[in-house]
Amino acid sequence: MPDIANISVVIASINRPMVLEETLLSLKRQTQAPREIIISLVSESDCTEAAKRDPDIKVVYGPPGSTFQRNTGMRAIAPQSEYVLFLDDDMALSRHYLENCANVMEGHRDIVLIAGNVLELDTTRHAAERMIGEFDAVPPAQKLTPVCHANGCNMFARAAKAKTVLFDENLPLYALNEDYDWSRRLAARGRIVHASACAVVHLRTTVGRVSDRRFGYSQIANPYYLWRKGSIDHLSRVLKRHWGHAVPMNIFWSVFRSRSGPDRSQRRERLRGNLTAFVDIARGHCTPNRILDL
């Protein structure tokens with residue numbers, strides 16, 4: 001069994017301290033505790049009172065935006081930490097998550113990044129705790145599957161290698177597809193796998209989000225930028241994987257009422273952002289940072 005105290009957890013959060021507090025409680029219930037929990041914030045109002053008093057939590061501050069905040073947290077990782085978990089602030093984790101991730105890394109020295117098993121992407125805290133409880137009651141055997149990237153809500157990496165690859169700060173605010181870009185660059189240093197027994201649930205959270213128009217612009221601009229940069233190797237992948245899903249869905253739900261998820265007005269705003277990005281591409285000046293002007 002490895003010394004799992006050598007794990008740092010980095011959580012970027014803004015404008016939702018109560019959501020963050022629940023995620024910190026989920027981390028506290030782990031079968032093996034991390035060496036440190038680093039929460040990367042923009043202002044003191046983003047922090048909970050309990051976190052301020054907790055000696056195991058390190059609070060750091062920096063510019064807003066997922067990539068900026070994750071880089072700020074990465075720079076604060078203790079030198080002796082062997083592993084780092086980048087975690088969203090609205091998560092519930094299996095009690096064995098850290099233990100299982102570290103065991104995978106110890107047993108496979110060529111693995112550089114683990115993508116956890118996301119049981120659900122959009123649910124309530126109550127439902128998430130029920131799912132995690134059922135999962136922990138009858139945990140599955142660990143199955144490792146090669147994947148090309150990890151989901152940004154939970155990315156467990158070797159700290160020494162992770163610290164050589166910063167998140168791309170040209171992807172502002174919500175930074176859609178930052179996880180894909182970071183994973184692909186980290187893949188040059190080792191294998192990426194999906195681990196079935198490392199389970200998490202991503203919650204449904206409405207506060208602290210970017211506007212739908214900005215999100216829609218990022219759906220088009222960010223994959224286009226990553227293709228130009230080389231993180232996405234073929235334009236066909238942009239057309240099929242990114243644009244081929246987002247744009248038709250935004251068009252469809254702009255016309256028909258959605259029973260769940262974003263409503264018609266939200267989809268119309270996303271579609272408006274999509275179209276703005278396509279116009280910018282045609283004009284030759286499409287960039288992810290354009291959302292700061294929308």
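# Loops, helices and ring pairs in a predicted chain

Trainee: In which loop is Asn-15 found?

Mentor: This is a predicted model. Strand β1 covers 7–12 and helix α1 covers 17–28. Asn-15 is found in the loop between β1 and α1.

Trainee: What is phi of Asn-15 near, and is the residue buried or exposed?

Mentor: Most residues other than glycine have a negative phi. Asn-15 is a residue other than glycine, yet its phi is positive, near 65 degrees. Its relative accessibility is 53%, and the cut-off for exposed is over 50%, so Asn-15 counts as exposed.

Trainee: Where does Asn-177 lie, and does it count as buried or exposed?

Mentor: Asn-177 lies in the loop between α6 and α7. Its phi is positive too, at about 75 degrees, although the residue is not a glycine. With a relative accessibility of 13%, against a cut-off of under 20%, Asn-177 counts as buried.

Trainee: How many aromatic pairs does a search of the whole structure find, and what kind of pair do Phe-167 and Trp-182 form?

Mentor: The search finds eight aromatic pairs. In the pair of Phe-167 and Trp-182, the ring centres are 4.7 Å apart and the planes are at 15 degrees. Planes under 30 degrees apart meet the cut-off, so this pair is stacked.

Trainee: Which parts of the chain does the pair of Phe-167 and Trp-182 link?

Mentor: The two residues are 15 apart in sequence and belong to distant parts of the chain. Phe-167 is buried, with a relative accessible area of 3%, and Trp-182 is buried at 0%. The parts linked are the loop between α6 (159–162) and α7 (178–186), which holds Phe-167, and, for Trp-182, helix α7.

Trainee: Which residues do ring pairs link into a cluster with Phe-167?

Mentor: Phe-167 and Trp-182 already make a pair. Ring pairs add one further residue to these two. The cluster joins Phe-167 to Trp-182 and Phe-86.

Trainee: What kind of pair do Trp-243 and Phe-278 form, and which helices does it link?

Mentor: The ring centres are 5.1 Å apart and the planes are at 85 degrees, so the pair is edge-to-face. Trp-243 counts as buried at 13% relative accessibility, whereas Phe-278 counts as partly exposed at 29%. The residues are 35 apart in sequence, and the helices linked are α9 (residues 235–255) and α10 (residues 264–283).

Trainee: How many of the ten residues of helix α3 are buried?

Mentor: Helix α3 runs over residues 66–75. Among its buried residues are Ser-66, Gln-69, Arg-70 and Met-74. The helix is largely enclosed by the rest of the structure, because the number of its ten residues that are buried is eight.

Trainee: With which residues is Asn-71 in contact, leaving aside its neighbours within four places in sequence?

Mentor: Asn-71 is found in helix α3. It counts as buried, with 0% relative accessibility. Beyond its sequence neighbours, Asn-71 is in contact with Leu-166, Glu-169 and Phe-167.

Trainee: Which residues does Glu-120 touch, not counting those up to four places away in sequence?

Mentor: Glu-120 is found in strand β6 (residues 111–123) and is partly exposed, with a relative accessible area of 30%. Glu-120 and Met-131 are eleven residues apart in sequence, and their C-alpha atoms are 8.6 Å apart. Glu-120 touches Val-200, Val-201, His-202 and Met-131.

Trainee: What is the radius of gyration of the protein chain, with its 294 residues?

Mentor: The chain has ten helices and nine strands, and its C-alpha trace spans about 55 × 40 × 40 Å along the principal axes. A compact globule of 294 residues would have a radius of gyration near 19 Å. The chain agrees with that expectation, at 19 Å.

Trainee: What share of the contacts between residues at least 6 apart in sequence join residues at least 24 apart?

Mentor: Of the 294 residues, 52% count as buried. The chain exposes about 13,400 Å², and carbon and sulfur atoms supply 53% of that area. Among contacts between residues at least 6 apart, the share joining residues at least 24 apart is 78%.

Note on methods:
Residues are numbered from 1 along each chain as its sequence is written. This is a predicted model: local features need pLDDT of at least 70, side-chain atom pairs count only at pLDDT 80 or more; totals for chains, interfaces and linings use all residues. Side-chain values use heavy atoms; hydrogens and water are left out. Helices (H or I, at least four residues) and strands (E, at least two) are DSSP runs, numbered from the N terminus. The radius of gyration is taken over C-alpha atoms; the globule rule is 2.2 Å times the number of residues to the power 0.38. Buried means under 20% relative accessible area, exposed over 50%, partly exposed in between (1.4 Å probe, protein chains only). Contact means heavy atoms within 4.5 Å. Accessible areas come from the Shrake-Rupley method with a 1.4 Å probe; for residues, only the protein chains shown count as cover. Rings of Phe, Tyr and Trp (its six-membered ring) pair if their centres lie within 6.5 Å; planes under 30 degrees apart count as stacked, over 60 as edge-to-face and the rest as tilted.
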